[in-house]
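Please look over the sequence and the model before reading on. The explanation goes from the overall figures to a sheet and then to the helices around it.

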Amino acid sequence: MGKQRTPVLTRRQVEDLARFRPIPYFVTTLYLDIDRTVPGGRARPGALKGLLREARAGLEARNLTRKQRQSVEADLGVLERIARDTPARSGKAVAAFVASGADWEQVFDLPWPVKSRLLIGETPNVRVLAAALDEHPRYLVVLTDRAQARLVGVHLGRAHQLLELASDVPGQVSEGGYRGNAERGIDRHIEDHVGKHIHKVAEAAREAFGERDFDGLVLGGPAESVAALRDGLSPALRPHLAGEVPVEVTAPLDQVAAACETLAVAGRATRDAGLIDRLVEAVEATGTGVTGLAATLGALRRGAVASLLVAGDYDQPGLTCPECGFLSVGDEKDCPACGRGGMRPVPYLVREIVDRATETGAQTWHISSEPARRRLEARGAIGALLRFRLI
Ligand SMILES: [Zn+2]
């Protein structure tokens, strides 16, 4: 991957990032909110200074080799430079991942604010990015009426035009009143043209969706045209339909983006509620679900986790065995799995759990919409849907 700065962010990029492990070096992750009130709109230096001070102090307590320590110290300098070079116009926050020892850095300009933090680990800490992707799906928006269409890509609050289509459809001639054979013939002729136009739009949508990393398809335009397009979509595209937005074909891009945001918020609330319903049913009715940190960790150890549900950015400290990697919520001195002494503290146990679950192919859902989040918090803020029933 080398050194990169990129304004776009896709699920694939985040998955690739999560897998990056520059052994023996560590990766330093920085999420930094940009203060738009500072003249020139630079990243807020005070916040970064505090984070750097904490990180340097934390390094003392870690068991690092000289090479590892030098790499992390170099990372902190690189992050200062990245923060200094980040103008406000590029976004509301910046996410940077650096492993100086491996000569590697990735910077993402984020169009939404984040909680500033600095984390050092064996892999990039992508939780904030992954959660943001969950919250901001990448949509292909297809706006169509009887003769014109636009394809718009919407991602992270921004919309950009991909394609404009205009078909040659004759105007309607007969508006009410007596309609003779001639008029009906003309109407049929017009409908043929409209049908061809819709077919063309459906085809363009199929091509555009296949080319890029979209999460969902959104339709907009007059109800009649949207209904025709929905019927004309290729079967492969239909399962990706995420909804419809009430915007005209000629709507400004900002309006398209805003309508998609509203759609995403509603979609998220429905999805989150559905996930919590499934979890509750799995726990109470079928025995294929667990809730709470200890039970979730137990299920993970047995390879049973199919999906992980985490309330917002819930986390808490725990312990890990430096020998076998055993994770624990307890306060054991010796590893319960391999018996070795000297369990080490991990500051973000839930993050470790998410990483391990991801490695086993499980999917993680961050539940941040209400009331789903409160329902999950009432059950320990974390839970899992299982691949099989634990006996
Ligand atoms: Zn162990």
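What follows is a walk through a predicted model.

The secondary structure of the protein amounts to ten helices and 17 strands. Along its principal axes the C-alpha trace spans about 95 × 55 × 30 Å. Of the 391 residues, 34% count as buried. Among contacts with a separation of 6 or more, 70% are between residues 24 or more positions apart.

The first part to examine is a sheet. Five strands make up an open sheet with mixed pairing, in the order S8-S7-S6-S9-S10. Strand S8 (158-166) and strand S10 (241-245) are at its edges; each has a single partner strand, so one side of each is left without a neighbour in the sheet. From one strand to the next, the twist averages 20°.

Within this sheet, strand S6 (residues 139-144) and strand S7 (residues 148-155) are paired in the antiparallel sense, over six bridges. The two are joined by a hairpin through three residues. The register can be read from individual residues: leucine 140 stands opposite glycine 153 in S7, and valine 141 has valine 152 of S7 as its bridge partner. On the other side of the pairing scheme, S7 and S8 are also antiparallel, over eight bridges. Glycine 153 appears here again, standing opposite histidine 160 in S8. S7 and S8 form a hairpin with two residues between them, and leucine 156 in that turn has a positive phi of about 50°. How enclosed is S7 by the rest of the structure? Seven of its eight residues are buried, so S7 is largely enclosed.

Glycine 220 gives a local view of another strand of the sheet, as it lies in strand S9. This glycine counts as buried because 27 other C-beta atoms lie within 10 Å, where the cut-off for a buried residue is 20 or more. Its contacts, not counting residues up to four places away in sequence, are Val141, Leu143, Val226, Glu244, Val245 and Val247. Val141 has already been met as the bridge partner of valine 152, and Val226 is a buried residue of helix H6. The C-alpha atoms of glycine 220 and glycine 243 are separated by 8.9 Å, although the two residues are 23 apart along the chain.

Two helices are described against the sheet. H6 lies across S6, strand S9 (216-220) and S10, and runs at about 145° to S9. Helix H7 (residues 253-286) packs on the sheet as well, touching S6, S7, S8, S9 and S10, with a direction that makes about 125° with that of S10.

Which residues of helix H6 (residues 223-232) are buried? They are Ser225, Val226, Ala228 and Leu229. Seen down the axis of H6, these buried residues fall within an arc of 160°, so they line one face of the helix. The general background is that an α-helix has 3.6 residues a turn, so residues three or four places apart point the same way. The face of H6 turned away from the buried side carries the exposed residues Ala223, Glu224 and Asp231.

Further along the chain, helix H8 (residues 293-301) can be read in the same manner. The buried residues of H8 are Thr296, Leu297, Ala299 and Leu300. Around the axis they cover an arc of only 160°, which puts them on the same side of H8. What do the buried residues of H8 pack against? Their neighbours are strand S11 (289-291), strand S12 (305-311), strand S14 (327-328), helix H9 (349-359) and strand S17 (382-386). Just after H8, glycine 303 takes a positive phi of about 70°.

The pairing of H8 with H9 can be described in more detail. The two helices pack at an angle of about 30°, and their axes are 11 Å apart. That angle makes H8 roughly parallel to H9, since angles under 35 degrees count as such. The crossing of H8 past H9 is left-handed. Thr296, Leu297 and Leu300 of H8 meet Ile353, Arg356 and Ala357 of H9. Those three residues of H8 are among its buried ones.

Key. Residues numbered from 1 in each chain as written. Predicted model: local features only at pLDDT ≥ 70, side-chain atom pairs only at ≥ 80, totals over all residues. Buried ≥ 20, exposed ≤ 12 C-beta atoms within 10 Å, placed from the backbone. Helix = DSSP H or I, 4+ residues; strand = E, 2+ residues; numbered from the N terminus. Arc of directions from axis to C-beta. Pairing = 2+ DSSP bridges. Axes fitted to C-alpha atoms, helices over the stretch in contact; angles between N-to-C directions. Contact = placed C-beta atoms within 7 Å. Parallel < 35°, antiparallel > 145°, perpendicular 65-115°, else oblique. Left-handed = near helix turned anticlockwise from the far one by under 90°.
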